[in-house]
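Me: I should like to learn how to read the surroundings of a ligand and the pairing of charged side chains. May we work through an example together?

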Amino acid sequence: MSVVIRRATRNDVPAILAIYNDAVATTTATWDHGPVTLDDRLARFDAAQANGWALLVAEQAGRVVGWGAWAPFRAKAGWSKTMEHSVYLAPDARGAGMGRLIMEALIDAARAYGVHVLIGVLDASNEASVRLHERLGFVEVARMPQAGFKFGRWLDATFVQMILDADAPPA
Ligand SMILES: CC(C)(COP(=O)(O)OP(=O)(O)OC[C@H]1O[C@@H](n2cnc3c(N)ncnc32)[C@H](O)[C@@H]1OP(=O)(O)O)[C@@H](O)C(=O)NCCC(=O)NCCS
């Protein structure tokens with residue numbers, strides 16, 4: 001069944017929230033321990049809209065089955081060309097190549113915006129995410145043993161990075 005990757009609208013935010021909160025409850029992909037609120041996700045949507053940061057959804061048969069986004073990694077001016085991305089699929093949409101489609105669209109949007117570096121902060125035990133990033137050409141640049149915890153165990157963080165335009169001048 002065909003999938004459309006498109007910019008999110010405000011009406012998509014409840015579906016984005018539901019996909020995220022399912023991952024909060026059932027996975028170590030995110031280290032939130034409890035559900036986030038609709039207001040939190042609406043605020044992120046508004047910030048993305050106002051600043052031109054990517055917030056994309058994957059739609060299949062009229063249903064939002066995944067989303068991806070990037071936003072500043074850190075706030076200071078010198079970090080303004082470095083964005084951190086996220087990608088989340090509904091459980092029944094995983095393992096079918098949709099993560100790659102969303103990531104490719106996020107990378108395209110980042111290039112168009114003038115992003116220099118994309119960073120992913122992954123749970124090192126998240127095999128699907130680690131593999132997805134490797135296949136796209138992201139490189140592991142840091143590993144932080146036992147930097148987090150969830151479901152009663154310590155978790156390692158893996159930072160992966162892609163430089164989008166290595167020859168661009170710093171400006
Ligand atoms: C991580 C996630 C985005 C990956 O997207 P996906 O569409 O399921 O993955 P894809 O089908 O594009 O597969 C990408 C690669 O990972 C591999 N892969 C997929 N699921 C896997 C799994 N459970 N274990 C190991 N490898 C896996 C695929 O085989 C593929 O590798 P290949 O190109 O060598 O065949 C998706 O599984 C997801 O939303 N998971 C829950 C939330 C999450 O972990 N988000 C990432 C936070 S950093």
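Me: How many residues surround the ligand, and which are the closest?

Reply: Please keep in mind that this is a predicted model. A residue is counted when one of its heavy atoms lies within 4 Å of the ligand. Here 19 residues surround the ligand, and the closest are G95, G97, G99, N126 and R131.

Me: Which helices or strands supply at least two residues of this shell?

Reply: Three elements do so: strand β4 (82–89) and the helices α3 (98–113) and α4 (127–136). Of these, α4 gives the most, with 6 residues.

Me: How do the residues of the shell divide into nonpolar, polar and charged?

Reply: The shell around the ligand holds 9 nonpolar, 5 polar and 5 charged residues.

Me: Where does the ligand sit?

Reply: The ligand occupies the largest pocket.

Me: Which atom of the ligand is 2.7 Å from an N or O atom in a side chain, and which residue has that side chain?

Reply: For a polar contact, one looks for a pair of N or O atoms within 3.5 Å. An oxygen atom of the ligand lies 2.7 Å from such an atom in the side chain of N126. At A96, a polar backbone atom is 3.3 Å from an oxygen atom of the ligand. The side chain of R94 has an N or O atom 3.4 Å from a nitrogen atom of the ligand. The protein covers 74% of the 920 Å² of accessible area that the ligand has on its own.

Me: How many salt bridges does the count come to?

Reply: Side chains of opposite charge can pair when their charged atoms come close. With a cut-off of 4 Å between nitrogen and carboxyl oxygen, the count comes to 10 salt bridges. One of them joins the side chains of D40 and R44, at 3.5 Å from N to O.

Me: Why are D40 and R44 separated by about one helical turn?

Reply: D40 and R44 are separated by about one helical turn because they are 4 residues apart in helix α2 (residues 38–51).

Note on methods
Residues numbered from 1 in each chain as written. Predicted model: local features only at pLDDT ≥ 70, side-chain atom pairs only at ≥ 80, totals over all residues. Heavy atoms only, no water. Polar contact = N/O pair within 3.5 Å; in protein donor to acceptor, adjacent residues only side chain to side chain. Areas by Shrake-Rupley, 256 points an atom, 1.4 Å probe, with all protein chains shown as cover. 1 Å grid on protein atoms, 1.4 Å probe; cavity = no way out; pocket = protein on both sides within 12 Å on 5 of 7 lines; lining within 4 Å. Sits in = over half its atoms within 2 Å of the grid points. Nonpolar A, V, L, I, M, F, W, Y, C, P; charged D, E, K, R; others polar.
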